[in-house]
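This report introduces a single protein structure to a reader who has not met it before. The sequence and the structure are shown first.

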Amino acid sequence: MAAEILSRILETIKDAQRIIISRHIRPDGDAVGSSQALKRIIRLTWPEKEVYLINRDRAHHTEFLGPEDPEIPEELYADAIAVVLDTSTSERVSNPLFSKAPCVIRIDHHIETESFGTISWIEKDRSSVCEMVAQFYSEFRDELQIDSYAATCLYAGICTDSGNFKFSSTGPQTLRLAAMLLEKGVDTQSLYSKLDLVPYDYLKFKAHAMEQVNLSPSGVAWLYIPVEMRQRFSVSDEQASEAVDFMNCISGSPVWMVFIETEKNIRVRLRSRFVAINSLAEKYSGGGHANACGAKVFSKEEMMNLVSDADALLASFKASNSELL
Ligand SMILES: [Mn+2]
């Protein structure tokens with residue numbers, strides 16, 4: 001099944017003269033790594049093709065993976081193919097023009113909540129879309145070209161989306177493909193120095209934020225980050241989002257979430273061990289994976305409703321799964 005889809009994707013790219021790649025808004029390492037790498041693989045393999053990486057937003061922490069392309073005229077989409085990576089809904093694609101292309105290839109590992117695109121390769125149990133692009137390369141390695149830059153982009157996305165190979169989505173194939181990428185010349189020390197180092201102000205923000213972490217009666221850990229806190233420590237919106245990871249190590253708290261106040265709403269990032277939280281996220285205008293989701297609420301009252309729904313979910317989970325906790 002997957003093999004057949006992979007062949008269709010290869011043939012479709014081969015037949016296309018112009019390929020436009022896009023990924024999700026507020027990009028992470030996986031979205032940027034997979035899109036940069038696929039562009040590079042196509043460019044190396046078929047230098048005569050036009051390949052663009054077009055998105056409307058950027059993220060500072062992934063800029064080291066390379067620049068993207070400026071917008072191109074809308075009419076150029078009419079005879080192009082679009083490739084959309086790591087994005088579960090058409091609304092989240094960082095390039096609204098993608099749908100002007102007559103053929104859209106989708107490669108994703110989120111739980112499917114909307115069907116769009118002409119050819120979809122979706123596997124919700126994959127660690128990352130970077131792993132999927134690495135497999136695509138590996139499957140057709142006699143025909144495709146890769147280099148250390150593309151391998152580094154893919155390795156970066158696998159590391160970031162798998163929590164450095166710790167999340168349960170890390171399977172044997174994740175490590176096999178990561179090994180293959182290392183063989184292509186990834187400088188891991190240099191990569192980690194770009195992925196893991198934080199400014200001094202961020203360290204102070206972390207210390208302060210950790211002091212503000214709350215626990216619900218059944219043990220949901222949650223943190224509210226008002227605009228004022230971000231301003232005080234000069235923390236960007238995307239850095240504030242990473243605060244969800246501050247709570248990933250609390251025993252008895254297998255569900256945790258951060259609420260980030262923005263001008264429009266309160267953005268939520270939810271994480272869990274063992275407990276599926278995607279239905280909870282979907283109830284609050286969000287979705288994602290079983291153990292990692294995004295959502296949004298529009299008031300502090302609604303925020304507290306989400307916390308109490310999560311608390312009830314965790315209480316019932318704990319009642320029947322005490323051996324896991
Ligand atoms: Mn991803």
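The sections below describe the metal site, selected buried and exposed residues, the salt bridges and the backbone angles.

The model is predicted, so local features are given only at pLDDT of at least 70 and side-chain atom pairs only at pLDDT 80 or more, while totals for chains, interfaces and linings use all residues. Residues are numbered from 1 along each chain as its sequence is written, and side-chain values use heavy atoms, with hydrogens and water left out.

**The manganese site**

Which residues supply the protein donors of the manganese ion? They are Asp30 (OD), Asp86 (OD, listed twice), His109 (NE2) and Asp161 (OD), at 2.2 to 2.8 Å from the ion. Donors are N, O and S atoms within 2.8 Å of the metal (3.2 Å for Na, K and Ca); water is not among the atoms, so sites may look incomplete. Along the sequence, the spacing of the donor residues is D-x55-D-x22-H-x51-D. Aspartate 30 belongs to helix α2 (residues 29-45) and histidine 109 to the loop between β4 and β5 (119-122), so this pair ties together parts that are 79 residues apart in sequence. Helices (H or I, at least four residues) and strands (E, at least two) are DSSP runs, numbered from the N terminus.

Aspartate 30 and histidine 109 are both buried. Buried means under 20% relative accessible area, exposed means over 50%, and partly exposed lies in between (1.4 Å probe, protein chains only). Aspartate 86, another donor residue, is located in the loop between β3 (81-85) and β4. Its relative accessible area is 1%, so aspartate 86 is buried as well.

**Two buried residues in strands**

Arginine 106 is part of strand β4 (residues 103-108). Is this residue buried or exposed? Arginine 106 is buried because its relative accessible area is 0%. A polar atom of the arginine 106 side chain lies 3.1 Å from the backbone oxygen of glutamate 114. Leaving aside residues up to four places away in sequence, arginine 106 touches several residues, including Val84, Glu112, Phe116 and Trp121. Contact here means heavy atoms within 4.5 Å.

Serine 22, in strand β1 (residues 18-23), is buried at a relative accessible area of 1%. Its contacts, again not counting residues up to four places away in sequence, include Ile54, Val83, Leu85 and Asn95. The C-alpha atoms of serine 22 and tyrosine 52 are 8.7 Å apart, although the two residues are separated by 30 residues along the chain.

**Residues with greater access**

Lysine 194 lies in helix α6 (residues 188-196) and, at 43% relative accessibility, is partly exposed. Its side chain makes a polar contact with the side chain of serine 190 at 3.2 Å. A polar contact is a pair of N or O atoms within 3.5 Å; within protein, one must be able to donate a hydrogen and the other to accept it, and residues adjacent in sequence count only if both atoms are side-chain atoms. The C-alpha atom of lysine 194 is 7.6 Å from that of phenylalanine 64, a residue 130 residues apart along the chain.

Tyrosine 200 is found in helix α7 (residues 200-211) and is exposed at 59% relative accessibility.

**Salt bridges**

Side chains of opposite charge can pair when their charged atoms come close. A salt bridge is a side-chain nitrogen of Lys or Arg within 4 Å of a carboxyl oxygen of Asp or Glu. The count by this rule is 19 salt bridges. Three of the pairs are listed here.

| Acidic residue | Basic residue | Closest N and O atoms |
|---|---|---|
| Aspartate 147 | Arginine 40 | 2.7 Å |
| Glutamate 131 | Arginine 126 | 2.7 Å |
| Aspartate 237 | Arginine 230 | 3.6 Å |

Aspartate 147 sits in the loop between α3 (129-139) and α4 (148-161) and arginine 40 in helix α2, so their pair ties together parts that are 107 residues apart in sequence. Arginine 40 is partly exposed at 32% relative accessible area. Glutamate 131 and arginine 126 are both buried. Aspartate 237 is partly exposed at 27%, whereas arginine 230 is buried at 11%. In addition, Arg23, Asp57, Arg58 and Glu68 are linked in a network of salt bridges.

**Positive phi angles**

Most residues other than glycine have a negative phi. Aspartate 86 has a positive phi of about 60 degrees, and phenylalanine 274 has one of about 65 degrees. Phenylalanine 274 lies in the loop between β9 (266-272) and α10 (278-283) and is partly exposed, with a relative accessible area of 45%.
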